[in-house]
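Dear colleague,

Please find the structure below, handed over for your own inspection. The findings follow directly after it.

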Amino acid sequence: MIVGGGVIGASIAYHLTARGVRSVLVLERETLGAGSTGKNAGGIRLQFSSEVNVRLSQLSLPRFERFEDEFGIDIAFQQVGYLFLITEERDIPAFQRSLALWQRLGVPARKVEVDEIRSIFPELAVHDVLFGTFCGKDGHADPMSILNGFVARARAAGATFREHAAVSGIDLERGRVRAVHVGDERIACDLVIDAAGAWAPQIAAMVGVVVPIRPLRRHIFVTDNAAGIDHPIPLTIEFASTLYMHRESGGILLGMADPNDRPTYSETVNWDFLPAVVERGLARLPLLERTSVRTGWAGLYEDTPDKHPILGCVDGVEGFVMAAGFSGHGLMHAPAVGAIIADRIVGRPSSFDIAPLRLARFNTGEPVREHNVI
Ligand SMILES: Cc1cc2nc3c(=O)[nH]c(=O)nc-3n(C[C@H](O)[C@H](O)[C@H](O)COP(=O)(O)OP(=O)(O)OC[C@H]3O[C@@H](n4cnc5c(N)ncnc54)[C@H](O)[C@@H]3O)c2cc1C
């Protein structure tokens with residue numbers, strides 16, 4: 001039983017069916033992809049600062065590159081690269097450590113000086129940039145196509161996806177999962193996977209488990225046609241301000257974290273925040289003055305204290321597995337996580353050790369830090 005019909009729940013369902021499990025049921029409160037999966041920026045990258053996150057990306061990236069072969073769906077994966085712009089002295093040591101890590105792990109990312117940034121993306125204003133980092137394997141893809149790929153293949157192999165099926169309770173018997181409740185219905189099961197994204201703490205609370213995932217609202221705005229850029233542009237991140245941008249349907253997609261927003265389950269667009277995004281966007285990409293904002297939306301990051309997901313079994317509750325808290329990078333890690341969780345469930349050995357990502361790390365004081373997140 002998988003709670004949550006986002007990209008993580010769907011990937012786990014697919015990978016379970018691919019390992020021969022037929023009795024997979026995914027319960028989704030709204031419609032598939034209605035959570036963060038349908039609201040994200042589609043970014044896929046190797047450039048993380050923790051080894052765990054880099055390895056999750058390294059396991060996932062080849063799957064995105066071959067997605068159409070495996071799933072028969074074009075996910076519009078454009079490997080235009082990710083370009084981080086470092087403008088503050090305080091961020092230099094962390095990116096230097098990242099560069100060393102990437103070299104050790106074989107990530108083809110490199111430091112780029114301002115002249116090279118100008119040649120990669122000539123329209124950027126770079127007067128205040130100290131240096132950048134660039135990885136040409138990174139890029140962006142269409143999130144809903146990725147979701148649809150997992151869902152279609154899982155369904156074809158026997159998994160069932162139920163929409164408008166909100167889980168309202170979980171029965172335990174002597175510390176073991178026995179059933180979930182959906183409305184008046186009690187569905188017997190002995191394994192529940194909590195893939196409810198930002199809402200995962202609500203599912204965990206049903207078995208008495210406290211999970212440190214905070215819902216953080218994040219906005220995206222998209223401009224109309226951005227005339228004047230006739231070449232592919234990398235997904236560009238001004239690290240200090242968290243502004244990021246990439247091509248979207250002829251225009252430019254802009255995202256930025258609102259430092260004044262407190263944790264909230266509200267997904268309403270705060271249009272008062274738009275001027276701050278436009279101001280940063282114009283400062284970094286002046287030709288945006290020729291465009292206007294066409295649309296905007298907000299979704300939730302599922303933020304953990306150390307910006308890493310919570311994966312695997314939970315002490316004290318048999319049959320309850322966590323797969324949530326991706327802290328704004330769950331789409332890009334979905335292929336790896338689906339395979340890793342499915343391997344754990346069927347008892348297949350895995351090359352990826354999820355022990356550092358268990359929930360207990362927050363009690364034992366062993367979090368795994370990530371710096372390169374926005
Ligand atoms: C603005 C924005 C930009 C982002 N950009 C990127 C990016 O560039 N790259 C990237 O990798 N990630 C990005 N992310 C993060 C990414 O969207 C998430 O990490 C990912 O979608 C998590 O997938 P999920 O399946 O865990 O959660 P979700 O997609 O949120 O799915 C959880 C599902 O659980 C359902 N649910 C909740 N409660 C219940 C219940 N009681 N019963 C049944 N179902 C329930 C919800 O309706 C929801 O559909 C971004 C997120 C946002 C908001």
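Strands β9 and β10 form a hairpin with two residues between them. In the turn, Arg 174 has a positive phi of about 50 degrees. I should say at once that the model is a predicted one, so that every value in this message is understood as computed from that prediction. The two strands of this hairpin, β9 (residues 167–173) and β10 (residues 176–182), run antiparallel and are joined by six bridges. Within the pairing, Leu 172 of the hairpin stands opposite Val 177 in β10.

Strand β10 also takes part in a second hairpin, with β11, again with two residues between the strands. Here Gly 183 takes a positive phi near 60 degrees. Four bridges join β10 to β11 (residues 185–188), and the two strands run antiparallel. Val 180 has Ile 187 in β11 as its bridge partner, while Val 182 is partnered by Glu 185 in β11.

A further sheet deserves separate mention. It is open and consists of eight strands, in the order β5-β6-β4-β14-β15-β16-β13-β17, with mixed pairing. Its edge strands are β5 (109–112) and β17, each of which pairs on one side only. From one strand to the next, the twist averages 20 degrees. As general background, strands of a sheet pair through backbone hydrogen bonds, either parallel or antiparallel. Inside this sheet, β15 (residues 243–248) and β16 (residues 251–256) pair in the antiparallel sense over five bridges. Glu 248 stands opposite Gly 251 in β16.

Turning to the helices, two packed helices are described by the angle between their axes and the distance between the axes. Helix α1 is involved in two such packings. With α6 (residues 143–156), α1 packs at an angle of about 30 degrees, and the axes are 8 Å apart. Because angles under 35 degrees count as roughly parallel, α1 is roughly parallel to α6. The crossing of these two helices, α1 and α6, is left-handed.

With α9, the axis of α1 comes within 8 Å, and the two axes cross at roughly 40 degrees. That angle makes α1 oblique to α9. The crossing of α1 and α9 is right-handed.

Finally, the ligand. Which residues are closest to the ligand? Of the 42 residues that surround it, the closest are Gly 6, Gly 35, Gly 43, Gly 197 and Gly 330. By class, the shell around the ligand has 20 nonpolar, 16 polar and six charged residues. At least two residues of the shell are supplied by each of α1 (7–18), β13 (214–223), β17 (293–303) and α9 (330–346). The largest share, four residues, comes from β17, an edge strand of the open sheet. In terms of domains, the shell draws at least three residues from domain 1 (2–64 + 143–213 + 306–364) and at least three from domain 2 (82–135 + 214–303).

The ligand shell thus connects with the elements described above: helices α1 and α9 each contribute to the shell, and their axes cross at roughly 40 degrees.

With kind regards

How values were computed: Residues numbered from 1 in each chain as written. Predicted model: local features only at pLDDT ≥ 70, side-chain atom pairs only at ≥ 80, totals over all residues. Near = placed C-beta within 6 Å. Nonpolar A, V, L, I, M, F, W, Y, C, P; charged D, E, K, R; others polar. Domains from an automatic or database assignment. Pairing = 2+ DSSP bridges. Axes fitted to C-alpha atoms, helices over the stretch in contact; angles between N-to-C directions. Parallel < 35°, antiparallel > 145°, perpendicular 65-115°, else oblique. Left-handed = near helix turned anticlockwise from the far one by under 90°.
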